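Work through the following exercises with the sequence and the structure at hand, and try each task before reading its solution.

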Amino acid sequence: MGLAKRIIPCLDVDAGRVVKGVKFLDIRDAGDPVSVARGYNTAGADEITFLDITASSDNRDTMYHVVEQVASEVFIPLTVGGGIRAVSDVRRLLNAGADKVSINTAAVHNPELVQEASDKVGSQCIVVAIDSKCVSSPGEEPRWEIFTHGGRKPTGIDTIEWAVKMAEFGAGELLLTSMDRDGTKIGFDIGVTKAVSDAVEIPVIASGGVGELQHLVDGVNQGGADAVLAASIFHFGEYSIGEAKAFMQQQGIEVRL
Amino acid sequence: MQRIAVIDYGMGNLRSVSKAIECVADNAEVLVTSDAKLISTADRIVCPGQGAAADCMAALNDANLINTVQELIGTRPFLGICMGLQVLLTHSEENDGIDCMNVVPGQVKRFASPLLDTSGQRLKVPHMGWSPVAHSVAHPLWDNIADKARFYFAHSYYCAPDDQGSVVGQCEYGIEFAVAIAGQQLFACQFHPEKSAKDGLQLLRNFVAWNGKS
């Protein structure tokens with residue numbers, strides 16, 4: 001037995017409420033982050049990721065309160081991302097009870113933030129989220145670049161080079177989302193997952209495109225991912241965490257049961 | 001009612017630790033504090049910690065807590081978690097080398113790079129996620145926890161105590177290494193019981209009920 005591959009459900013939180021709906025969990029209020037987190041904990045999730053998509057900065061403080069509540073009741077690792085711009089934001093989230101914070105756009109605009117934050121709180125707390133798109137034409141050697149603002153803004157930065165740089169800057173883990181696959185349900189972009197995973201020593205979480213359980217297996221076995229993140233297949237009850245783990249185990253992947 | 005002090009030296013996720021203890025200790029007051037007097041009058045002490053070794057040692061020093069911790073270990077049940085284990089050793093390789101508290105003689109070392117498993121596959125560092133913990137010996141803090149139950153880890157450095165007799169739990173990740181050490185009134189672990197779901201809470205429950213003997 002060795003280290004288990006992790007399954008991480010990801011929840012979008014807007015002004016303190018889970019959005020997009022979470023239907024499978026037997027809970028009264030599917031918008032309450034604490035209830036949802038508790039449900040996923042009971043279901044056997046290995047970690048939970050909250051992505052704060054609150055647009056208005058006025059409502060940002062509600063996220064700290066949400067994290068405090070969840071951390072008071074749910075005793076598995078909690079990652080929080082969205083809107084982190086300074087080391088003080090990182091510290092506040094950790095103090096509220098987050099175990100890791102995920103930095104995305106701010107890392108692109110200010111890579112030193114990753115360095116500064118990992119120096120202060122330790123690499124194991126710093127996840128760098130990378131939104132990547134394939135930019136090569138069919139038939140060409142595949143090439144990927146990172147995008148910000150939900151995949152709308154190109155940066156011209158090569159995904160693999162960026163991943164290596166973020167690892168050097170002290171990221172403890174990379175959350176790699178394929179913007180081409182996000183929401184498509186046709187599976188992870190195995191090419192970029194494998195390329196990033198091979199290029200760095202730190203763990204890589206694959207994200208974007210999961211529609212069926214075989215995709216989770218492919219992300220690990222073909223993409224070399226250390227963890228797989230999914231939202232809709234779990235939220236809408238298509239599959240439970242338990243089913244996903246049982247399937248992965250059948251395919252020879254070590255999971256925590 | 002017993003009092004449990006969670007040492008607050010400005011490093012790490014103290015809320016999770018204190019809430020997890022409150023969750024399993026009905027009849028206890030859990031104090032998150034940096035006050036040496038409150039710490040030394042508590043019935044039990046928990047020393048969590050995250051971040052870099054040098055920062056943790058500096059923070060403990062700034063809070064004038066190094067002597068307090070050194071003197072209190074052995075006098076009442078003490079639980080070290082993650083960096084709260086590593087700072088107990090003699091020296092850490094982190095931050096180009098830093099002297100630690102030398103309560104448990106030994107070294108804190110970085111995982112090799114590249115780190116390979118027995119079949120030659122590369123392993124990622126940090127060691128992050130759920131790994132099985134083998135009980136090297138029976139211990140009251142393993143009560144009602146299965147041998148090789150999985151606990152949550154997040155670390156790049158590991159402890160190599162001089163005295164293998166102090167090791168009560170081990171893990172294999174590229175190498176076999178100590179993940180739990182114990183002594184008189186002392187238990188310290190590399191993994192995070194406060195983040196290890198049911199088994200982690202059980203370990204904390206065992207600590208809260210522990211008489212300090214092995």
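**Exercise 1: the contact between the two chains**

Task: Characterise the polar side of the contact between chain A and chain B, and then say which parts of chain A supply it.

Solution: In this predicted model, 17 residue pairs, with both partners at pLDDT 80 or more, are in polar contact between chain A and chain B. The elements of chain A that each give two or more residues to the side touching chain B are α2 (61-73), α3 (87-96), α5 (112-121) and α7 (190-199), and the largest share, four residues, comes from α3(A). Sorted by class, that side of chain A has 18 nonpolar, nine polar and 15 charged residues.

The next step is to count the salt bridges between chain A and chain B, of which there are five. In one of them A:D226 pairs with B:K124, and the closest N and O atoms lie 3.3 Å apart, which satisfies the 4 Å cut-off because a salt bridge is defined by that limit.

Finally, consider the extent: 42 residues of chain A are in contact with 35 residues of chain B, and the area buried between the chains is about 3000 Å², with carbon and sulfur atoms giving 52%. Within chain A, A:L3, A:F75 and A:E201 lose the most area to chain B, together 28% of what that side buries.

**Exercise 2: successive hairpins in chain B**

Task: Trace how β14(B) pairs with β13(B) and with β15(B).

Solution: Begin with β13 (residues 167-173) and β14 (residues 175-183) of chain B, which pair in the antiparallel sense over six bridges. B:Y173 stands opposite B:I175, and in the one-residue turn of this hairpin B:G174 has a positive phi of about 80°.

Continue to β15(B) (residues 186-189), which runs antiparallel to β14(B) and is joined to it by four bridges. Here B:I181 stands opposite B:A188, while B:Q185 takes a positive phi near 60° in the hairpin, which has two residues between the strands.

Note on methods: Residues are numbered from 1 along each chain as its sequence is written. Chains are lettered from A and ligands numbered from 1 in the order in which they are written. This is a predicted model: local features need pLDDT of at least 70, side-chain atom pairs count only at pLDDT 80 or more; totals for chains, interfaces and linings use all residues. Side-chain values use heavy atoms; hydrogens and water are left out. Contact means heavy atoms within 4.5 Å. Buried area is the accessible area (1.4 Å probe) that two parts lose on being put together, summed over both. A salt bridge is a side-chain nitrogen of Lys or Arg within 4 Å of a carboxyl oxygen of Asp or Glu. A polar contact is a pair of N or O atoms within 3.5 Å; within protein, one must be able to donate a hydrogen and the other to accept it, and residues adjacent in sequence count only if both atoms are side-chain atoms. Ala, Val, Leu, Ile, Met, Phe, Trp, Tyr, Cys and Pro count as nonpolar, Asp, Glu, Lys and Arg as charged, and the others, Gly among them, as polar. Two strands pair if DSSP finds at least two bridges between them.
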